Structure formats: C-alpha cells, structure tokens
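Open the structure in your viewer and keep the selection tool at hand. This tour goes stop by stop, with something to select at each one.

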Amino acid sequence: MDSGEHKEQPVLHIPEDPQHLSSSSVSPTVTSVSIPPSPRKEPTPSVNSKTSRKPSAAATPTGGPRPSLSYVPPPQSLKGPLALNKFILYENRTRFYVVASNTSDSRHRIMKIDRTAQEELVVHDDDTIYSGKQMSGMLKMLEDGNKGSGGLGKARVIFGIAGFIRFTAGWYMIVISKRSVVALLGGHYLYHCENTDMIPVCFSQKVEKPAEEQRLMNIFKQVDISKNFYFSYTYDLTSTLQHNLTKPVPVESSDKWMFNNRFAWNYHMLTAPFAHREEGPIKAHWILPLVHGHVDQAKLTVLGRVVFITLIARRSRHYAGARYLKRGVNDEGNVANEVETEQIVSELLTTPFYYPAPRESTASEGNPYRRAPSPNYTSYVQYRGSIPIYWTQETNAMTPKPPIDISVVDPFFTPASLHFNDLFKRYGTPMVILNLIKRREPVPRESKLLDEYTQCVEYLNQFLPEGKKIVYRAWDMSRAYKEKTQDVISYLEDLAEEAIHLTGIFHSGPEPASHLMRNNPMEPYRPTIALQNGICRTNCVDCLDRTNAAQFVFGKRVLGHQLYALGVVDSPNLSFDSDAVNMLTEMYHDHGDTIALQYTGSALVNRVETYRRMPHWNSHSRDIIENIRRFYTNAVLDADKQAAINLFLGVVEKTVSHPPQRGGYRAWFDPAHLEPAYRLEDCERGLSEFAEHRADFWIEYYRPLLFTSLGKHFAYSMNSTLKLPG
C-alpha cells in the first residue's frame with residue numbers, strides 16, 4: 001500500500017556505499033510482521049507475513065470505496081508523528097540492521113549499528129521514512145552489498161530497544177523479546193515487558209577481565225526487567241493523563257525526547273552511550289522509556305455501561321533503592337520510595353480520546369478543530385515518598401526494627417525546601433501532606449521523625465504567601481486502630497474529601513447535562529473541563545502498609561467523584577459493599593504488594609481489611625510470614641539489591657558530599673511554581689489540539705488484514721465485575 005506521492009519516481013535516500021546506511025526494516029522477501037492484536041501473552045510473530053495491499057477500487061452506491069476485508073487505513077503522512085511498533089533485527093559479522101515499521105506496514109525506518117568497534121558505539125539512524133516498496137528495494141541492496149560479510153544475516157523479531165550498557169569491555173544491546181498487553185487507554189496499548197535479551201554489539205569482543213565482566217553482568221541482571229517494567233509505543237506512560245491530553249507534544253517536536261525522565265528507569269542506558277556523539281542521542285522513535293512500578297486495569301459494568309478503571313504507579317529513578325539503605329532525602333531533594341499513583345476512570349463509548357467529526361463538517365476559520373475531545377476520561381494523581389529530612393536506620397542482623405537516627409540536623413531544612421519546591425513545580429498548589437507516623441511510643445522511634453517533620457513544615461510555611469501554604473495533617477493511624485477510639489476508614493474518608501475539594505480531579509469534558517437539570521444551587525453546573533492542581537502527599541515510615549491503606553481510601557473516595565462526573569452514578573458517595581469498591585480494593589492490594597516487593601522484598605503486612613476490622617482468617621499468620629521475609633531480605637539481600645539498582649541506573653555513590661545549594665533561607669521557593677500548573681484556557685486549547693493532531697489511536701489499534709476472534713481482544717478478556725450465569 002503506497003501513498004500517491006510515491007507512485008511517481010521513488011524518493012530514496014540511498015548512499016553509494018550500503019555500509020553507511022542506518023537501521024534496517026524488513027527483509028527482501030519480508031515486509032511486515034503479523035502480531036495478534038491483544039492477547040495477554042503474545043506468541044512470537046512470524047517473520048514471513050504478507051505485504052500490505054491496496055484498498056479495493058470498487059465503488060459503493062454512495063460513491064465511496066467498497067468496504068472489504070483487505071481494506072487498509074490511509075498511510076500516515078510523511079509529516080507528523082510516526083508510531084513504530086514492529087522491529088526486525090538483522091545480524092551479520094560487521095553490523096546490525098534494525099528495521100522498524102508501523103502497524104499497517106506502510107512506513108518504515110532503518111538504523112545501522114556497527115559491530116567492528118569495541119570501545120565506541122557507532123549508531124547511524126536514518127531520518128528518511130520509507131514506503132514498503134522502497135524498503136524492499138533498500139534491503140535488496142543491503143543484501144547484495146553485504147555479501148562479503150554474510151548478506152543481511154539472520155533476522156529475528158524484537159519488540160523494541162531498551163538501551164545499551166557497558167561493563168569493562170564492549171557494549172551490549174538490551175532488546176525486548178517478549179511482551180504482553182496489560183491496559184488499553186484511548187486505543188493505545190500499554191505493555192508489560194515479559195523478557196529481554198542482552199546481545200553483544202561487537203562481533204569479536206575481547207574481554208581482558210572476564211571474571212569482573214561476568215560479576216558485573218550478574219549484578220546487572222539482578223534487576224529483573226521482566227518484572228514490573230512497562231512501556232507503550234504511542235502513549236507517554238511517564239506522564240499523567242492530564243499532562244498528556246492538555247499539554248500535547250507539538251508535531252514538529254515528534255523526533256525529540258519529550259518524556260518525563262524522572263520515571264524512565266532506562267534513561268541512563270539511553271543517554272550514556274551517546275554522551276560524546278556529535279549528532280546527539282538517537283531519535284525519539286527508536287527509544288522505549290521503561291516505567292518501573294505497577295499497571296493494572298479492570299472493567300466495571302453498571303447497568304450496561306462499561307467503565308474502565310486503570311491504576312498506574314510510577315517509581316522514581318532518583319534516590320531509588322532498598323528499604324534500610326535508602327531513607328529520607330538526599331542533597332538534591334529527592335526522597336526514597338517515591339511513587340506517583342494515578343487512577344484513571346473512563347467510559348468506553350468510543351475507543352479514542354476524541355469524538356469523530358461529523359461527515360459533512362469541515363474546518364473553518366471560526367472552528368479550526370473538526371474532532372471534539374471525548375468527555376469520558378477522568379483521572380486523579382496521588383504521591384507517596386519518604387519523610388524529606390536526613391534520617392537513617394543502621395541495619396543489624398539481630399534487630400528486626402533498627403533505631404531511627406536523625407543523622408544531620410539542618411535548622412533551615414534545605415533538602416526539604418528543594419523537595420517541596422520541585423513538587424510545586426510538577427503539581428502546583430495546594431499541597432496536602434498526610435503524615436501517618438506514630439505520635440506516642442514507649443521508646444521514641446517514629447515520634448522523633450514526627451517532631452522534626454512538623455518543625456520542618458512550620459518553618460517552611462511561614463515564608464509562603466497566604467493561600468499557598470502547605471496543608472499539613474498529622475494523624476497517628478496505628479494508635480487510632482489499636483485503641484479503637486475512632487473509625488480509621490471514616491476519618492481517612494473525611495481527609496480524602498478535604499484533599500479532593502482542594503486539589504480537584506481531572507475530567508476531559510463538562511458535567512453531564514443531567515446535572516444541569518437538577519438545578520441545585522449548592523452544586524453549580526460545571527460547563528468546562530475540570531483540572532487537578534495540587535497533590536496529596538502521603539507518608540508513614542516505610543510508605544507501604546499504612547500509606548497504601550490511606551491511598552486506597554483516597555482512591556475509593558475519588559472513584560465516586562469520577563463516576564459522578566461521568567454521569568454513571570447519582571451521588572459521589574459509594575458504599576463499601578459494592579462490586580466497584582471490592583474490585584478497587586483488590587487493585588490497590590496488588591498495587592501495594594508490588595510497591596512493597598520492590599522496596600522491601602516482601603508483600604504488604606497490614607491490608608485494607610485490617611483497618612476495616614474485617615481481617616481474613618489467615619491474615620495473622622500471613623502477616624507473620626511477610627514480616628519474617630521482610631526481615632531476612634533487609635538483613636541479607638539488600639546490599640546486593642542496592643548494588644544492582646545503582647549499576648542499572650548508572651548511579652555512582654558519592655564518597656564526599658557537598659553542601660546542597662540553596663536559593664535563600666526565606667525565599668526557598670520559586671514564586672512561578674506557586675502559580676497553577678494547569679490553566680483552564682491553555683488546557684482547553686491543548687486538549688482540542690491533542691484531539692485533532694495527536695490522538696490517532698488506529699495507528700496501533702486496528703489490524704484490518706489480521707483475522708482475530710473476539711475472545712482474543714484485550715478489552716473483551718479483561719477482569720470485570722460482570723458476573724455471567726453459570
């Protein structure tokens with residue numbers, strides 16, 4: 001299937017010497033890769049699938065083309081974003097050729113990686129976009145030009161390049177060899193990395209220190225990329241839904257890196273190899289930012305209306321590590337166990353992020369946008385992170401709970417000021433802090449942190465202007481549960497309602513018209529989109545058990561507001577004894593277990609049922625086992641785990657720490673960061689631009705040439721509250 005501009009003289013950018021070509025696409029006899037649309041575990045695709053065909057020329061009575069099974073959507077324009085999601089790697093003795101294609105096999109790119117140099121990584125990425133015919137001719141030329149070194153070499157299917165790493169000798173290329181679909185957002189698939197391969201770049205690699213090379217490789221492999229690493233070809237998983245929809249990447253910046261590198265765990269493997277490259281890093285369409293955390297999605301059915309609930313947790317790569325080895329904050333203001341949790345609730349009346357334009361509509365001067373943004377997407381973002389002061393816990397094989405030591409007393413709370421200034425920049429104001437650590441203890445442990453943290457917030461707050469001060473809520477959740485003096489869940493719901501009213505939620509459209517008909521003066525109708533400005537920052541000591549229970553209550557409360565904004569329910573108050581809340585509880589359990597395993601090596605100890613006083617019959621024995629596992633992991637395995645994370649992230653531990661740089665003792669914040677992070681007028685304009693130019697979901701979603709059954713579609717087989725008889 002070739003576009004009209006290529007039916008004349010083919011525009012080929014072919015150097016005389018084939019060795020100077022950049023990455024490859026599909027072999028002369030191979031021009032596409034068949035990939036099933038969305039089974040959870042995708043089998044390895046065949047390399048011998050058909051080339052794309054032209055649409056049928058037969059006309060319908062209305063004058064349009066006759067629909068047929070061989071119809072392919074129009075090829076993407078040479079201008080604008082090009083989504084590459086199929087890769088074939090050709091390997092011979094002197095070079096790698098990587099050929100990337102879009103889903104419809106109408107556009108291809110090619111990249112060459114030299115295999116003769118050991119010390120230097122030589123990568124040539126061609127800017128030219130090739131059609132199917134052009135790429136077949138290109139690969140035929142490469143096959144002929146490389147006969148001396150074995151032609152194009154053997155081909156293998158990969159699903160993306162995760163980066164390049166070097167230990168003591170040559171470079172290795174990390175490629176994704178297996179993936180599975182875990183979520184669907186606006187027609188964009190989110191994938192879990194199931195398996196990766198580490199391929200030596202240099203064909204005849206000479207290792208002078210084989211023992212050291214093997215040791216470092218074993219350490220690197222301790223960070224298992226096949227667990228809890230996620231990516232997407234067409235959706236920016238490192239940023240929130242509100243950011244992606246309201247601040248779209250300009251079309252002219254499609255080749256630039258526009259993702260949030262804070263949550264891209266392979267950022268070092270993508271940047272370090274090209275630090276001294278004259279052309280700079282490789283283009284954005286060749287890289288896949290890997291997000292470490294958790295992604296889960298489930299389907300809620302309410303009287304025939306289908307609602308998707310998506311939970312995304314992103315772990316920061318800054319100051320990442322094991323439990324007792326990464327505590328508090330570092331000099332740059334980055335805290336330990338920093339995780340951003342986003343809860344997205346959407347009604348799938350239409351698949352994409354927009355409503356399609358009417359057939360007869362055309363762009364006019366008064367209305368430059370033909371598509372309308374879909375009003376069926378809502379989201380809410382929460383944040384967890386360690387207490388931002390200098391504190392440590394020295395691990396001891398004989399002490400399950402080491403004493404807490406405030407290692408450096410800073411009267412001006414410099415690292416905390418850097419941390420909160422960064423949160424203002426990312427999320428705006430207001431900021432709500434929910435501090436859940438213990439207030440009274442027989443032997444002071446956590447309470448020392450409470451006093452220091454309270455002083456910190458009070459000191460920083462006195463310099464903030466009125467209306468922008470940090471909202472600080474300290475509550476001893478553990479004591480309230482043990483003494484049975486108050487209902488833990490009800491109190492958390494009150495705190496959640498307060499925080500939601502302060503920060504708001506994101507909704508991509510106005511309220512349903514049914515809310516306007518009620519004519520309630522207490523709740524005025526909202527005719528515009530809704531935005532979240534500000535964040536709720538939750539913490540306990542580990543930011544695990546109590547924090548996850550609190551974030552679940554926030555999630556449960558905000559789920560009611562999200563369903564109410566979509567017009568699914570009549571009131572934002574949801575009962576705990578409902579299918580929706582039961583499903584959300586399981587999702588937050590999985591979310592909390594995953595975050596806990598990454599940080600401590602064991603699952604959650606106290607779950608939501610514990611604080612609801614509805615524990616399972618085996619919960620006590622399970623908590624004991626998890627405590628033993630957590631103690632063993634922290635005492636024995638954490639040092640190796642920290643070394644592996646540092647090597648993976650490219651972190652070099654500082655032997656001498658310099659005092660942090662500070663803007664001022666009183667003016668510790670940037671006044672520009674106190675302004676709203678998202679303005680209504682700008683976001684409405686950005687949302688319309690996104691719907692018009694950046695939301696082409698069919699790039700990946702539709703496979704018109706592939707025969708599939710309904711049961712294999714991810715949206716059909718997703719976990720659901722719908723209970724079928726039998």
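Select helix α10, residues 545–565. In this predicted model, α10 is mostly covered: 21 of its 21 residues are buried. Now check the helix length. At 1.5 Å a residue, its 21 residues should span 30 Å, and the end C-alpha atoms are indeed 30 Å apart, so the two values agree. Step just past the end of α10 to G567, which takes a positive phi of about 80°.

**Around F576**

Stay with α10 and pick F552, which lies in this helix. Then add F576, in the loop between α10 and α11 (579–600). The two are 24 residues apart, and their pair links distant parts of the chain. Is F552 buried or exposed? Its relative accessibility is 0%, so F552 counts as buried. F576 has 13% relative accessibility; because buried means under 20%, F576 counts as buried as well. Next, show K556. Its charged end sits over the ring of F576, 4.6 Å from the ring centre.

**Helix α8**

Move to helix α8, residues 488–503. Its 16 residues should span 22 Å at 1.5 Å a residue; the end C-alpha atoms are 22 Å apart, so this helix agrees too. Colour the buried positions of α8: V488, I489, L492, E493, L495, A496, E497, A499, I500 and T503. Two of the names to look for there are E493 and E497, both buried.

Which residue caps the N-terminal end of α8? Select D487: one of its side-chain oxygens lies 3.3 Å from the backbone nitrogen of I489. At the other side, just after α8, comes G504, with a positive phi of about 80°.

**Aromatic rings**

Show the aromatic side chains. The structure holds 28 aromatic pairs. Pick F87 and W286: the ring centres are 6.5 Å apart and the planes meet at 50°, so the pair is tilted. F87 sits in strand β1 (residues 86–91), while W286 is in the loop between α4 (267–271) and β10 (291–302). The two are 199 residues apart, and the pair links distant parts of the chain. Both F87 and W286 are buried. The tilted class also takes in F552 and F576, at 6.2 Å centre to centre and 50° between the planes.

Now extend the selection from F87 and W286. Ring pairs link them with Y189, Y191, F231 and Y233 into a cluster. For a charge over a ring, select R371 and Y354: the charged end of R371 sits 4.2 Å from the centre of the Y354 ring.

**The cores**

Where is the largest nonpolar core? Select I113, F164, M173, L190, F353 and F648, the residues with the most contacts inside this core of 88 residues. Strand β7 (residues 171–185) gives the largest share, 11 residues. Centre the view on I113. Its contacts, not counting residues up to four places away in sequence, include F96, V98, L121, V123, F164, M173 and V201. A second, separate core has 79 residues, among them Y380, V432, A550 and L559.

**The whole chain**

Zoom out. The chain has 16 helices and 21 strands. Buried residues make up 56% of its 726 residues. Of the contacts with a separation of 6 or more, 75% come from residues 24 or more positions apart.

How values were computed:
Residues are numbered from 1 along each chain as its sequence is written. This is a predicted model: local features need pLDDT of at least 70, side-chain atom pairs count only at pLDDT 80 or more; totals for chains, interfaces and linings use all residues. Side-chain values use heavy atoms; hydrogens and water are left out. Helices (H or I, at least four residues) and strands (E, at least two) are DSSP runs, numbered from the N terminus. The expected span of a helix is 1.5 Å times one less than its number of residues. Buried means under 20% relative accessible area, exposed over 50%, partly exposed in between (1.4 Å probe, protein chains only). A polar contact is a pair of N or O atoms within 3.5 Å; within protein, one must be able to donate a hydrogen and the other to accept it, and residues adjacent in sequence count only if both atoms are side-chain atoms. Rings of Phe, Tyr and Trp (its six-membered ring) pair if their centres lie within 6.5 Å; planes under 30 degrees apart count as stacked, over 60 as edge-to-face and the rest as tilted. A charge sits over a ring if NZ of Lys or CZ of Arg is within 6 Å of the ring centre and within 35 degrees of the ring normal. A nonpolar core is a set of buried Ala, Val, Leu, Ile, Met, Phe, Trp, Tyr and Cys residues joined through side-chain atoms within 4.5 Å. Contact means heavy atoms within 4.5 Å.
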